[in-house]
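Here's a quick briefing to read with the model open beside you. It goes topic by topic, so feel free to jump around.

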Amino acid sequence: MEGRISALAVLCLVLSSVGALKVTIPEPQYEFARGDNITLPCSFKSTLAAPRLVIISWSAEAPTANAKETLILTYYFPSKLTDIKSMYEGRVSLDVSIPTGKANLKLSSITLADNKVFECRVQIPTDDEGTPAATVRLVVLVAPSTPICKTQGKAEYGQNINLTCVSAEGSPTPTYKWDSRDVRNMPRAAPHPRTTDKGGILSLYNITKDTSGIYTCTSRNKIRSATCNISLAVMPPSLTFGSTAIIAVAVSAVVLIALIVIIFCCCRHRKKKREEEEYAMGVPGEEFHDKEPARNGERRQADRDEDTRVDRDPNEERSQRGYDSRKDNDEPHSDYDDRRSEYDDRRSDYDDRRSDYNDRRSDYSDRRDRNSDRNERHDDERSYNERRDRRNDDDDRYDEPHDDRPPVPNNKPLRRDYDD
Ligand SMILES: *[C@@H]1O[C@H](CO)[C@@H](O)[C@H](O)[C@H]1NC(C)=O
Ligand SMILES: *[C@@H]1O[C@H](CO)[C@@H](O)[C@H](O)[C@H]1NC(C)=O
Ligand SMILES: *[C@@H]1O[C@H](CO)[C@@H](O)[C@H](O)[C@H]1NC(C)=O
Ligand SMILES: *[C@@H]1O[C@H](CO)[C@@H](O)[C@H](O)[C@H]1NC(C)=O
């Protein structure tokens, strides 16, 4: 009976030894992008249903030959202590479960320095047969940085141009692809007949107006992609020259217009100045043209009367004085007022005035007698007497009554007619 039990125990021991400890990692290599938070999976299977002591450790070594292995952390069961090496402090942790055999390594914010071979090792006393460790390759990738799109060459009809596209970063090295849309932002039915797309350079040969549009470059590696756009407007070569010519013509036109304006202003200014000078020099005033010459002269003479009496011919003065005295007589006075009111339509009243003159001439003969008395009252009595003496000497000239009529301006042609 006792021998049977020990035989079963030996059998069980043998059977469990056949199973042994087994540490596994599902994939030989994992790829993650730089900056990602990642988990490297590791599982183990022990022959012991409930091992009393388990030690789990993760280490890393560069994938180069003779690289030194670096311990990352060590976990102790059942104390559940985790010993993390200083250079990984803060960015690693262990996702562990002894009953289910889980020992995953968690790494946050991985960098290109994490491009290493990682090893997961499990130590269980009395269960050290089998496969106690497994390794995994971590490939840290860098997403392509946003590419820069540029054009090389002149975007003119018939030219050959290149469109370039480069991402500054990318691991593995990105590949580039160009797509284009026409000017209406529709995908092209057929790509440009002659293009090459190599290393991010799209070469377009003998380009035409139809080559214009939006070109999009996609920079891609195994983890991510990024794009840039470039707008291509192909112009006829003549347009560049044409626009230059248009600008030149426009500038010339502006200069010409400015010159014309300046000359015009100068001429106007000079003309105005000349007119002012002519006016000051007393060119025949237009205001006199449609006035009756005799009337006009008569009025001007009356205005001048007070200022220029001394310089005037004595006969003229005396006659003028006699003419002025007429205002005191009733009949000539009213006659005079009428004439003043008739100034506006002088031309039509000309015939009437001719008759006025005839009347006045007859009045004048009567007034001559009265003038003699009135003139004696005048200040300049002496000159008057001299004048009278002189007149008596020239009797034949002053004999006629009409010679004593008021002076007539030189430009009054009708005076002679009244003499008859
Ligand atoms: C990674 O984990 C850190 C905290 O450990 C967090 O701040 C960061 O946002 C995470 N990054 C990503 C990409 O999830
Ligand atoms: C376009 O690229 C090709 C190949 O890189 C080069 O030979 C050619 O000179 C480039 N053309 C222009 C206009 O830059
Ligand atoms: C360019 O294209 C035009 C028509 O679009 C053609 O007449 C000309 O021969 C081409 N030139 C070259 C160098 O291919
Ligand atoms: C490029 O253009 C497309 C549509 O024309 C747009 O969806 C995309 O966001 C643009 N990309 C960039 C980087 O501007």
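Is Asp83 buried, partly exposed or exposed? Asp83 comes out as partly exposed, because its relative accessibility is 33% and that class runs between the 20% cut-off for buried and the 50% cut-off for exposed. Keep in mind that this is a predicted model. Asp83 is a handy place to start, since it turns up both in a salt bridge with Lys85 and in the pairing of strands S6 and S7, where it partners Thr74.

**Salt bridges**

- Searching the whole structure turns up eight salt bridges; three of them are picked out here.
- Asp83 pairs with Lys85, with 3.9 Å from N to O. Lys85 counts as partly exposed, at 31% relative accessibility, and Asp83 is partly exposed too, at 33%.
- Asp114 and Arg91 also meet through their side chains, and here the N to O distance is 2.5 Å. Asp114 sits in the loop between strand S9 (102-107) and strand S10 (117-123), while Arg91 sits in the loop between strand S7 (81-84) and strand S8 (92-97), so this pair ties together parts that are 23 residues apart in sequence.
- How accessible are the two partners? Asp114 counts as buried because its relative accessibility is 2%, which is under the 20% cut-off. Arg91, on the other hand, is partly exposed at 22%.
- Lys177 and Asp179 make another salt bridge, at 2.8 Å from N to O. Lys177 is partly exposed, with a relative accessible area of 46%, and Asp179 is partly exposed as well, at 35%.

**The S6–S7 hairpin**

- Strand S6 (residues 70-77) and S7 run antiparallel and are joined by four bridges. One pairing to look up is Thr74, whose bridge partner in S7 is Asp83.
- The two strands form a hairpin, with three residues between them.
- Which residue in the turn has a positive phi? That's Lys80, with a phi of about 60 degrees, even though Lys80 is not a glycine.
- Lys80 lies in the loop between S6 and S7. Lys80 counts as exposed because its relative accessibility is 57%, and the cut-off for exposed is over 50%.
- Pro78 belongs to this loop between S6 and S7 too. The bond joining Phe77 and Pro78 is a cis peptide, with omega at about 10 degrees.

**More backbone features to look up**

- A cis peptide bond also runs from Ser171 to Pro172, with omega near 0 degrees. You'll find Pro172 in the loop between strand S14 (161-166) and S15.
- Asn206 isn't a glycine, yet it has a positive phi of about 50 degrees. Its spot is the loop between strand S17 (201-204) and strand S18 (213-220), and Asn206 is partly exposed, with a relative accessible area of 48%.
- Asn185 is in the loop between strand S15 (175-181) and strand S16 (195-198). With a relative accessible area of 42%, Asn185 is partly exposed.
- How far apart are the C-alpha atoms of Asn185 and Gly213? They are separated by 7.2 Å, and the two residues are 28 apart along the chain.

**Surface patches and helix H2**

- Val251, Val255, Leu256, Leu259, Ile260 and Ile263 make a nonpolar surface patch of about 570 Å².
- Leu256, one of that group, lies in helix H2. Leu256 counts as exposed, at 51% relative accessibility.
- There's a positive surface patch as well, formed by Arg268, Arg270, Lys271, Lys272 and Arg274.
- Where does Arg270 lie? Arg270 is part of helix H2, which covers residues 237-281. Arg270 is exposed because its relative accessible area is 59%, and exposed begins over 50%.

How values were computed: Residues are numbered from 1 along each chain as its sequence is written. Chains are lettered from A and ligands numbered from 1 in the order in which they are written. This is a predicted model: local features need pLDDT of at least 70, side-chain atom pairs count only at pLDDT 80 or more; totals for chains, interfaces and linings use all residues. Side-chain values use heavy atoms; hydrogens and water are left out. Patches are made of residues with over 30% relative accessible area and no salt bridge: like charges are joined within 9 Å, nonpolar side chains (Val, Leu, Ile, Met, Phe, Trp, Tyr) within 5 Å. Accessible areas come from the Shrake-Rupley method with a 1.4 Å probe; for residues, only the protein chains shown count as cover. A salt bridge is a side-chain nitrogen of Lys or Arg within 4 Å of a carboxyl oxygen of Asp or Glu. Lys and Arg count as positive and Asp and Glu as negative; His and the chain ends are not counted. The place of a charge is taken as NZ of Lys, CZ of Arg, CG of Asp or CD of Glu. Buried means under 20% relative accessible area, exposed over 50%, partly exposed in between (1.4 Å probe, protein chains only). Two strands pair if DSSP finds at least two bridges between them.
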